[in-house]
Amino acid sequence: KGFSGFSRKYVTISLSEGQPASSRIVLQAKIKNPIQVEPAFLDLQDITLDGKPSERSLELTNNTNNTLMVEEIKTNIKNLDISLDTVTLQPGSTEKIKIIYTPSRLGRSDGFIDLKINTPNSTMKRIPVFINVQKAAGN
């Protein structure tokens, strides 16, 4: 579940009579998730506690031949604002989602963003978020 990329499988067929006695078949495919998310994770490692929000974005691409809807976008991270609640993606289209984080304390605070997608098996896509808030220069 959730795997994408190149996959290769081998099947060997053994024959009781004739030549050759066995044959090997190679099956290969490039597997795509219904929705591709770039980047695969959000890196907020260079944030300073200076009161200024930091902005990133996620790019969602529909890899199917059907219209898909991201029905819900949520996070477990306090002070992380997401520009959209839902997104409709036409086949092959791409949509950008703006993410704004306003730091309120120093240190690490990792979490995630979940996307609920209306595929036949109601896919949930999780994007890890890595945060490290440091002191502002001169403080």
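How many aromatic pairs does a search of the whole structure find? The search finds one, and this tour of a predicted model starts there.

**First stop: two rings.** Select Phe41 and Phe130. Their rings meet edge-to-face, with 5.6 Å from centre to centre and 70 degrees between the planes. Phe41 belongs to the loop between β3 and β4, while Phe130 belongs to strand β12, so the pair ties together parts that are 89 residues apart in sequence. Color by accessibility if you like: Phe41 is partly exposed at 42% relative accessibility, and Phe130 is partly exposed too, at 31%.

**Second stop: strand β3.** Now select residues 35-38 and show the side chains. Ile35 and Val37 point to one face and are buried, whereas Gln36 and Glu38 point to the other face and are not buried. Add residues 54-62, which make up strand β5: the two strands pair in the antiparallel sense over four bridges. Look across from Ile35 and you will find Asn62 of β5.

**Third stop: the core.** Next, pick Ile113 and Leu115. Within the largest nonpolar core, a set of 25 residues, these two touch the most other members. Strand β12 (residues 124-134) gives this core its largest share, four residues. Stay on Leu115 and look beyond its neighbours within four places in sequence: its contacts include Val37, which you met on β3, as well as Leu60, Val70, Ile73 and Ile127.

**Last stop: arginines over rings.** Select Arg126 and Phe112. Arg126 lies over the face of Phe112, 3.5 Å from the ring centre. Then move to Tyr10, where Arg24 lies over the ring face at 4.1 Å from the centre.

Definitions and conventions. Residues are numbered from 1 along each chain as its sequence is written. This is a predicted model: local features need pLDDT of at least 70, side-chain atom pairs count only at pLDDT 80 or more; totals for chains, interfaces and linings use all residues. Side-chain values use heavy atoms; hydrogens and water are left out. Buried means under 20% relative accessible area, exposed over 50%, partly exposed in between (1.4 Å probe, protein chains only). Two strands pair if DSSP finds at least two bridges between them. A nonpolar core is a set of buried Ala, Val, Leu, Ile, Met, Phe, Trp, Tyr and Cys residues joined through side-chain atoms within 4.5 Å. Contact means heavy atoms within 4.5 Å. Rings of Phe, Tyr and Trp (its six-membered ring) pair if their centres lie within 6.5 Å; planes under 30 degrees apart count as stacked, over 60 as edge-to-face and the rest as tilted. A charge sits over a ring if NZ of Lys or CZ of Arg is within 6 Å of the ring centre and within 35 degrees of the ring normal.
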